[in-house]
Amino acid sequence: MSVADRKTVGRFAPTPSGKMHLGNIFCAMIAYLSAKKNGGEFLLRIEDLDAARCPKENADAVIRDLETFGFEFDGEIIYQSRRTDVYKEFENRLAKLGLVYPCFCSRAELHASEAPHIGDGVYVYDGRCSLLSEEERRERAKKKKPCLRVKVPDSETVFEDKFKGRYAQNIKKECGDFIIRRSDGVYAYQLAVVADDALSGVSEVVRGEDLISSAPRQLWLCEVLGLEKPAYAHIPLVTGAGGRRLSKREGDGDTLAEVMSRKSPKEITGALAFASGLIDKYEPVSLAELVPLFDFDKIKKTHIAVDL
């Protein structure tokens, strides 16, 4: 069944490693409006895979903020920290296909290696551990617990993004064999998100454009696992003063909390809707009032600066 023929099921999947910022609210807003405009459902998933970085009080705060803005979610909230057995099943399915192998490389070794680097701290893994013999793996496992990587093809994955248009990536050359389970046993984002989207029936993924390079890996995993693929829409980021990308690490969640102390949810929603191009003039507005007005074509193509 094609995505166009499926019931629209959207989702918002925050990582509660800190307080949400305006960019998180904007992403949730667009995902919600798109799903509801199509008469679909909208799910909430808490991506707390790394429980040490994502305490429950953070998740509870995220949920409270979303409820304050008027988000209504269908079904139960999904917590990834409670779904390890699900991800193990998907790991086993990949292993049966002969695609999984242990990797003993340290981060320091990879940064010091001659593997091509595509950005600051981002490297293309060259697959060196896939060449180890069983005996070599046993010997290395005595000294270091490995992570698990999945073998990827040397071919181009292409998809049509609902917002940005055609996007193509050769996963082998631009990413390399990627991690599906960390050495500490925590499952990695790429595998978990594919499993959860598929099992939840998610048909549309709306998220920030900074995550578009993840989509080919996720689409490829869907293909090899025989899962239905969602449509993707990677939208512009909300920026702060001087065009700086908002970040939890930079304390932008505190900025949102400060804004919420003096602006109503409707005022903030209206500011985001106006700055992004969904409405022609600023006015306080609710999510429900925006649903009939929503159209991806209205959203600005550049980063969205909001003055509150």
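A salt bridge here is a side-chain nitrogen of Lys or Arg within 4 Å of a carboxyl oxygen of Asp or Glu. Keep that cut-off at hand for the first exercise, and remember that this is a predicted model.

**Exercise 1. Salt bridges**

Take Glu258 and Arg262 and work out what their side chains form. Then place the pair within the whole structure.

Solution.
- Step 1: The closest N and O atoms of Glu258 and Arg262 are 2.7 Å apart. The limit is 4 Å, so the two form a salt bridge.
- Step 2: Look at the exposure of each partner. Glu258 has a relative accessible area of 37% and is partly exposed; Arg262, at 43%, is partly exposed too.
- Step 3: Try the pair Glu139 and Lys142, which meet at 3.0 Å, N to O, in a salt bridge. Glu139 is partly exposed at 40%, while Lys142 reaches 65% and counts as exposed.
- Step 4: Add Arg128 with Asp126, a salt bridge whose closest N and O atoms lie 2.9 Å apart. Arg128 is partly exposed at 32% relative accessibility, and Asp126 is partly exposed at 41%.
- Step 5: Widen the view. The search of the whole structure finds 21 salt bridges, and a network of them links Arg11, Arg45, Glu47, Arg83, Asp196 and Asp197.

**Exercise 2. Aromatic pairs**

Classify the ring pair Phe42 and Phe73 as stacked or edge-to-face, and do likewise for Phe178 and Trp220.

Solution.
- Step 1: The count of aromatic pairs comes to 9. In one of them, the ring centres of Phe42 and Phe73 are 5.5 Å apart and the planes make 20 degrees, so this pair is stacked.
- Step 2: Locate the partners. Phe42 belongs to strand β2 (residues 41-46) and Phe73 to the loop between α2 (56-68) and β3 (78-79), so the pair ties together parts 31 residues apart in sequence.
- Step 3: Check their exposure. Phe42 is buried at 0% relative accessibility, whereas Phe73, at 23%, is partly exposed.
- Step 4: Turn to Phe178 and Trp220, with 6.3 Å centre to centre and 80 degrees between the planes: this pair is edge-to-face. Phe178 sits in strand β10 (residues 178-181) and Trp220 in helix α8 (residues 215-225), so the pair links distant parts of the chain, 42 residues apart. Both Phe178 and Trp220 are buried.
- Step 5: Follow the ring pairs further, and Tyr32, Phe42, Phe71 and Phe73 come together as a cluster.

**Exercise 3. Charges over rings**

Find which ring lies under the charged end of Arg149 and which lies under that of Lys301.

Solution.
- Step 1: For Arg149 the ring is that of Tyr125, with the charged end 3.7 Å from the ring centre.
- Step 2: For Lys301 the ring is that of Phe163, at 4.0 Å from its centre.

**Exercise 4. Cysteines**

Explain why Cys129 has no bond to Cys105, and give the number of disulfides.

Solution.
- Step 1: The cysteine sulfur closest to that of Cys129 is in Cys105, 3.6 Å away, which is too far for a bond. The cut-off used is 2.5 Å. Cys129 is buried, at 1% relative accessibility.
- Step 2: Cys147 is in no disulfide either, as its nearest cysteine sulfur, that of Cys103, is 4.2 Å away. Cys147 is buried as well, at 8%.
- Step 3: The total comes to 0 disulfides.

Technical notes: Residues are numbered from 1 along each chain as its sequence is written. This is a predicted model: local features need pLDDT of at least 70, side-chain atom pairs count only at pLDDT 80 or more; totals for chains, interfaces and linings use all residues. Side-chain values use heavy atoms; hydrogens and water are left out. Rings of Phe, Tyr and Trp (its six-membered ring) pair if their centres lie within 6.5 Å; planes under 30 degrees apart count as stacked, over 60 as edge-to-face and the rest as tilted. Helices (H or I, at least four residues) and strands (E, at least two) are DSSP runs, numbered from the N terminus. Buried means under 20% relative accessible area, exposed over 50%, partly exposed in between (1.4 Å probe, protein chains only). A charge sits over a ring if NZ of Lys or CZ of Arg is within 6 Å of the ring centre and within 35 degrees of the ring normal.
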